[in-house]
Amino acid sequence: MSAGPTATPAAVSAAPAPADDLAREPFAFGDFSWLNGSNRQSKALLDTPIFTGSLLLDVNYSASRNMPIDNTVVGSTVLYRNSELTVAFLGFGGDLHYEHARGRFMTQLGVRSTGVPRNDFSTFHGQYDLQTALRYVSEANGGYHWDLLHGVNLDAGIFMSYVGLFSFANFENWMYMPSYTSDNTPWFFNGVRLQMYLTETLKIEPWIINGWQTYGKFNEMPGFGSQVLFRPADWLSVLSNWYVGWDAQDQPGLFRWHTDTSGTVSYYHNPKTFITRIASSYTIDVGGEQGDGVAFTGSGTEGHCTTANPCAARFVSGMMYHRVWFGDTFAVTVGGGFMSNPSRYLVLPPTGNASPVPQPLSTQGVQYVTASSPYDLNPGTNFNAWDYSFGLQYMPVEQFTFDLEWNHRQADVPYFAGHGGVTSPDGYITTPTPGGWRADLVKSDDRVVAAWLVRF
Amino acid sequence: MSPTERCSSCAWTLAAALAASASLPGCSIVDALLPDARTPTTRAQEVVAWCAEFPEDSVARRSLVETVEPAYSYVHAAMLREPRLRGARLRLRPAPGLSREALERGLQCHQARVLLGMAAARDEDPYFLPGVWLDIEADSEGAAFEVAVRATAYADAQEVLQRARRFVARVQ
């Protein structure tokens, strides 16, 4: 229950209830199971009075037309391996709820445990290897619930961000592989959040966090943000997030801001017809960096970014998806989006020999070598990209989804893994890369994705 | 065509075939992909076969109902633990000799009989919705029973709750 574990529905005794007095808990007045980035399940099977268990299994197979020889995907936080059956995510845990105390934990096993934390450079700030310490935790938070307004919760720990509409749990999404707006925005926050349900239709949730998808902090200041969730009717949901933070190494004067707004509309619903529902989601993100040689608009060029003549550092992106349901069992979705990110501060760094960030992990004692052709993420660089996709989801029961989709991505600079891959001449990390060898990055990627998604 | 290109073509052909076969309406494979296809009538027929020892009207009386409140399930959705309205919870006063099991079976039999036209529904009967099979569960709650009447679809859950509230209102 979003309002908290002890919220009590209004009981009636021998008195007719007003027609609109069906349910008083926040967001319980309508059916929101159709939303993109939400859970379609009507019940939790592993439910007890103090613990509601949860298990998420996410297995995928994807095949790129580029057929990279190192079976590695570049530029996604949902796909990591190519042409292999991959356990992307296994999460188990659940919600604890007893009187006013609340807690939630979920593990993060599978390739996501290496694929998501690698984007966090804050872990190289200081000691104790936060990536290793926290990579197997996707959510770990807890706190207290007050029966104020329509419910107030204060939680601390690691929680999911929901900047970019799509959920970290692919089971909840209309498509498996989202557009850049979601794929390149943070998955998790580490900090404190205050969830305030002001009415049955409105939640406001400020955060104080360590940074933008970071376990640690880059500078002295924490990051600040908030989410507003407004569901005025059961056919409309509006989600808005904003964030400000100081998230660059050795640049305490560089300030990042970001806004993210989504609207999801169900414009047709009739359970008795062949097409039972049609809905669409629209998301627009605008953000930028300011200070220490960069600005939202700027004319500086790479290597010559100064306070007087800053380089452009901004993020402008959008995506939209349209979905048609055929009963509860089948749905098809088509959509796409774009992003423009001069200075590339939200571009997901390529891996392997194109990695611009350290790769501290090793495989059976084989150390990664310093990248021979690190991707340029310096201020003043350019990055523009777009994508489209369509897919089919088969949902025979509430606990299982089979997803099959096709996705095309395109960038104006080489970025995606080409046939030569990003690892070495034969694709293995044990093979030395000869002088002059470069990761094979290309401008486009076409792929088929199949996914098995299980949730209890 | 290189081996890599051939392999790529195979994968794309297989994916296209899978997508096409799964999307053919009316095809028998689609029927097999559908979940439990039992209709409410089929389910009622299954249940009514057990009902010989449960006379109609024994437990579905208005006079047994004390209070009604919404029945929620809580699911984790995105970053919220969201309530999902499932129907109604009815608090029933105990009757001498009535067990939880007998109450649950009696109400299920009532639903099955009404669905099959073997018994008449009461006005605002919360244990029955036309064309829908409801999950009815009885439990002991202190010195009373608590009966949860749940539907899967939100609109049905809403209707069950409204009916239950009007049902109990007519007691007075």
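**Exercise 1. How many ångströms should the 17 residues of H4(B) span, and how far apart are its end C-alpha atoms?**

Before solving, note that this is a predicted model, in which local features need pLDDT of at least 70 and side-chain atom pairs count only at pLDDT 80 or more, while totals for chains, interfaces and linings use all residues. Residues are numbered from 1 along each chain as its sequence is written, chains are lettered from A and ligands numbered from 1 in the order in which they are written, and side-chain values use heavy atoms, with hydrogens and water left out.

Solution. Begin with the terms: helices (H or I, at least four residues) and strands (E, at least two) are DSSP runs, numbered from the N terminus, and the expected span of a helix is 1.5 Å times one less than its number of residues. At 1.5 Å a residue, the 17 residues of H4(B) should span 24 Å, and the end C-alpha atoms are 24 Å apart, which agrees.

Next, consider burial, where buried means under 20% relative accessible area, exposed means over 50%, and partly exposed lies in between (1.4 Å probe, protein chains only). Of the 17 residues of H4(B), 12 are buried, so the helix is largely enclosed by the rest of the structure; among them are B:Leu103, B:Gly106, B:Cys109 and B:Leu115. With contact taken as heavy atoms within 4.5 Å, the buried residues of H4(B) pack against H3, strand S2 (80-92), strand S3 (135-141) and strand S4 (144-150) of chain B. Finally, B:Gly117, which follows H4(B), has a positive phi near 80 degrees.

**Exercise 2. Find the disulfides over all chains and describe each one.**

Solution. A disulfide is a pair of cysteine sulfur atoms within 2.5 Å, and by this rule the count comes to 2 over all chains.

In chain B, a disulfide joins B:Cys51 to B:Cys109, with an S to S distance of 1.9 Å. The pair links distant parts of the chain, 58 residues apart: B:Cys51 is in the loop between helix H3 (40-48) and strand S1 (65-77), whereas B:Cys109 is in helix H4 (residues 100-116). With -90 degrees about the S-S bond, this link is left-handed, and both B:Cys51 and B:Cys109 are buried.

In chain A, a disulfide joins A:Cys305 to A:Cys311, with an S to S distance of 1.9 Å. The torsion about the S-S bond of A:Cys305 and A:Cys311 is about -90 degrees, so this disulfide is left-handed. A:Cys305 is partly exposed at a relative accessible area of 24%, whereas A:Cys311 is buried at 0%.

**Exercise 3. Which strands of chain A hold A:Arg193 and A:Asp155, and what do these residues form?**

Solution. A salt bridge is a side-chain nitrogen of Lys or Arg within 4 Å of a carboxyl oxygen of Asp or Glu, and the search of the whole structure finds 24 of them over all chains. A:Arg193 forms one with A:Asp155, the closest N and O atoms being 3.2 Å apart. A:Arg193 lies in strand S6 (residues 188-197) and A:Asp155 in strand S5 (residues 152-160) of chain A, so the pair ties together parts that are 38 residues apart in sequence. A:Arg193 is buried at 4% relative accessibility, and A:Asp155 is buried at 1%.

For a second case, A:Arg104 forms a salt bridge with A:Asp95, with closest N and O atoms 2.9 Å apart. A:Arg104 is buried at 4%, as is A:Asp95 at 8%, and these two residues are linked with A:Glu139 in a network of salt bridges.

**Exercise 4. Trace the ring pairs from A:Phe159 to A:Trp207, and locate the charge over the ring of A:Phe159.**

Solution. Rings of Phe, Tyr and Trp (its six-membered ring) pair if their centres lie within 6.5 Å; planes under 30 degrees apart count as stacked, over 60 as edge-to-face and the rest as tilted. The search of the whole structure finds 25 aromatic pairs over all chains. A:Phe159 and A:Phe189 form an edge-to-face pair, 6.2 Å centre to centre and with 75 degrees between the planes. A:Phe159 lies in strand S5 of chain A and A:Phe189 in strand S6 of chain A, so the pair ties together parts that are 30 residues apart in sequence.

A:Phe189, buried at 0% relative accessibility, also forms a tilted pair with A:Trp207, 4.7 Å centre to centre and with 45 degrees between the planes. Ring pairs link A:Phe159, A:Phe189, A:Trp207, A:Trp212 and A:Tyr243 into a cluster.

For the last step, a charge sits over a ring if NZ of Lys or CZ of Arg is within 6 Å of the ring centre and within 35 degrees of the ring normal. The charged end of A:Arg193 sits over the ring of A:Phe159, 4.9 Å from its centre.
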